[in-house]
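Biologist: I would like to learn how to read a model with two chains. Could you walk me through one, step by step?

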Amino acid sequence: MNLKNLTGPLSANNPIIVQILGICSALAVTVKMEPAFVMGLSVIVVTAFANLVMSLLRKGIPSRIRIIVQLVVIAALVILVDQFLKAFVYDVSKQLSVYVGLIITNCIIMGRVEAYALGNKPWDSFMDGVGNGLGYAAILLIVAFFRELFGSGTLFDIRIIPESWYIANGGFYSNVGIMLFPPMALIIVGVIIWVHRSFNKDLQEK
Amino acid sequence: MKALRNLVDNVKPTFTEGGKLGFLASLFDAIETFLFVPNTTTKKGAHVRDCNDMKRTMFFVVLALIPAFLFGCYNTGSQVGLEGFAALMYGLVRVLPMLAVSYVVGLGIEVIYAQIRKEEVAEGYFVTGFLIPMIMPVSTPLWMVALGVAFAVIFGKEVFGGTGMNIFNPALVARAFVFFAFTPQMSGEKVWYSDWTMMGAQVDGVSGATALEQLATTGQMQWSVMDAFLGFIPGSFGETSTLCILLGGALLLYTGIASWRTMLSVFVGGLAMGYLFQAVGLTEYPAYYHLLVGGFAFGAVFMATDPVTSAQTNMGKYIVGFMTGALAVLVRVVNPAYPEGMMLAILFMNALAPTVDYFVVEANINRRKNRVKIVK
């Protein structure tokens, strides 16, 4: 097994901060840690199995209709994940609302199927899917960490910043409300890219 | 003066590259050029040089801000029941921590950046740091000011490449950040009044809506037009007195630092939009109220005219200025969530200014092209 498939997308080839894919959902579901976590897991499952299935089918599909076949496979997987979430974690599923369904439009999934699964063996493709899903989930969790901690004072809905610090309770602190807006999520993603590139000089654009 | 020069020359080797405190070179350079006009001469070719460099320019802007600043101090005191000299002193003491936080945090980040990039500390923050306390409500908690300043300097300025490269006015970025991050603390009735009990100030129970909020909700304000013009109304620290702002504006125009085109067209734009709303019956108060209350005058004189973020072409200055004024009044009247539209209008037009410039230049090129006659 090629370990690079799994670890590469975590940093040097990260889908969000290096390939700049899937930004839209990264802004939408990162207000709190819990939905971000569930979203990350869902995307890992979908990318991994989409890659696996497409890699198994890769020799039998005429290339003219491959996009349609990919869409059918991905859509089926997304519906499975959506139904699973509705059945077992209904609250989170409600919070994520349309964004689970919109995993189908996440560029990472189509991107990996097109770029990797159609030309590689099933096991490698599966690992590549898991790796990219993990890379996506990792960035989601980092963004959600800052947004939830400073925007709501909680992590996974557990209170971190004590209630008594708040102005309403006689303290001095106040939640940074701008953290709840998507623009701030974009700025956080930008900062992550900034920090990441300053440690990885070879990624810096000239 | 000579002793000071000698002192600076004596300690200079310590602060240059290789000296003991070489890592503070940019800070030393900043202080030296602050004290003395650098006597560098151009090595090659002919250039017109003026001793009025960026430090001197920034100094004039701060000088122009002084009347509004002093009046802001007085008004802060007078809003909590003090009079005369006591009111001035109260306001001065009240705003000093905010000013200190603004300069320490802002300059601290600037020095760190200059050191990392091995550049001189740029002068731009001299003005920005003075502007920031003037556009904040007087009771804004200090850590919020610090956070706003840090955000503005890093994301409003340094990521674009520092002074002179920024797209948005840094002082307004700080204001916008604090406004959107801490909306409950930055609006409402309490924040416009000082909450410090000292010098016998009557702070208990002092609260009330600003003139802008009153105009937005009821269509009239409890102050006379003269009070609004002179500035005896609650509001952000330095923005209340249109008279003092115009005094500063006169200095900026006299020294040629601010563009009269921008300044004039902002006022014209605001007035035109105000009359339009009055004509269609959306507002009942006279249109010129818009120019007297809130941050309109302050924004028009000190913010919209920022030579970096405003338009560069003369025609562009008219267009951007007019649209800034018009947009500010549009936001004030039409959007009930934002009684003050000046900040949003200026930031928005900052973003559009390069595009406006582009089309002005294109139009100029086309006009000249059409003038050319091809002789066969």
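**Reading the two chains**

Modeller: Gladly! Let's begin with the order of elements: read from start to end, chain A runs α-α-α-α-α-α-α-α-β-β-α. Please keep in mind that this is a predicted model.

Biologist: How many helices and strands does chain A have?

Modeller: Chain A has nine helices and two strands. Its C-alpha trace spans about 70 × 45 × 30 Å along the principal axes.

Biologist: And what does chain B contain in helices and strands?

Modeller: Chain B has 16 helices and zero strands.

Biologist: What share of the residues in each chain is buried?

Modeller: In chain A, 37% of the 206 residues count as buried. In chain B, which has 376 residues, the buried share is 47%.

Biologist: Next, contacts along the sequence. How much do residues 24 or more positions apart account for in each chain?

Modeller: Here we take the contacts with a separation of 6 or more and ask what part comes from residues 24 or more positions apart. That part is 76% in chain A and 69% in chain B.

Biologist: Now a helix pair, please. How should I read one?

Modeller: The general idea is that two packed helices are described by the angle between their axes and by the distance between those axes. For our case, take H7 (residues 170–181) and H16 (residues 342–371), both of chain B: their axes come within 10 Å and cross at roughly 130°.

Biologist: Why are H7(B) and H16(B) called oblique to each other?

Modeller: Antiparallel would need an angle over 145 degrees and perpendicular covers 65 to 115, with the rest counted as oblique. The crossing is at roughly 130°, and H7(B) and H16(B) are therefore oblique to each other. As for handedness, H7(B) passes H16(B) in a left-handed crossing.

Biologist: Which residues make the contact between H7(B) and H16(B)?

Modeller: H7(B) contributes B:Leu172, B:Arg175 and B:Ala176, while H16(B) contributes B:Met343, B:Ile346 and B:Leu347. By type, this contact of H7(B) with H16(B) has five nonpolar residues, no polar ones and one charged.

Biologist: Finally, the place where the chains meet. How many residues of each chain are in contact?

Modeller: Eight residues of chain B are in contact with seven of chain A. On the chain B side, H7 and H8 (183–186) each supply at least two residues, and H7(B) gives the most, with three. The side of chain B that touches chain A divides into six nonpolar residues, two polar and no charged.

Definitions and conventions:
Residues are numbered from 1 along each chain as its sequence is written. Chains are lettered from A and ligands numbered from 1 in the order in which they are written. This is a predicted model: local features need pLDDT of at least 70, side-chain atom pairs count only at pLDDT 80 or more; totals for chains, interfaces and linings use all residues. Axes are lines fitted to C-alpha atoms, for helices over the stretch in contact, and angles run from 0 to 180 degrees between N-to-C directions. Helices (H or I, at least four residues) and strands (E, at least two) are DSSP runs, numbered from the N terminus. Angles under 35 degrees count as roughly parallel, over 145 as roughly antiparallel, 65 to 115 as roughly perpendicular and the rest as oblique. A crossing is left-handed if the near helix is turned anticlockwise from the far one by less than a right angle, and right-handed if clockwise. Two residues are in contact if their C-beta atoms, placed from the backbone, lie within 7 Å. Ala, Val, Leu, Ile, Met, Phe, Trp, Tyr, Cys and Pro count as nonpolar, Asp, Glu, Lys and Arg as charged, and the others, Gly among them, as polar. A residue is buried if 20 or more other C-beta atoms lie within 10 Å of its own, exposed if 12 or fewer, and partly exposed in between; C-beta atoms are placed from the backbone.
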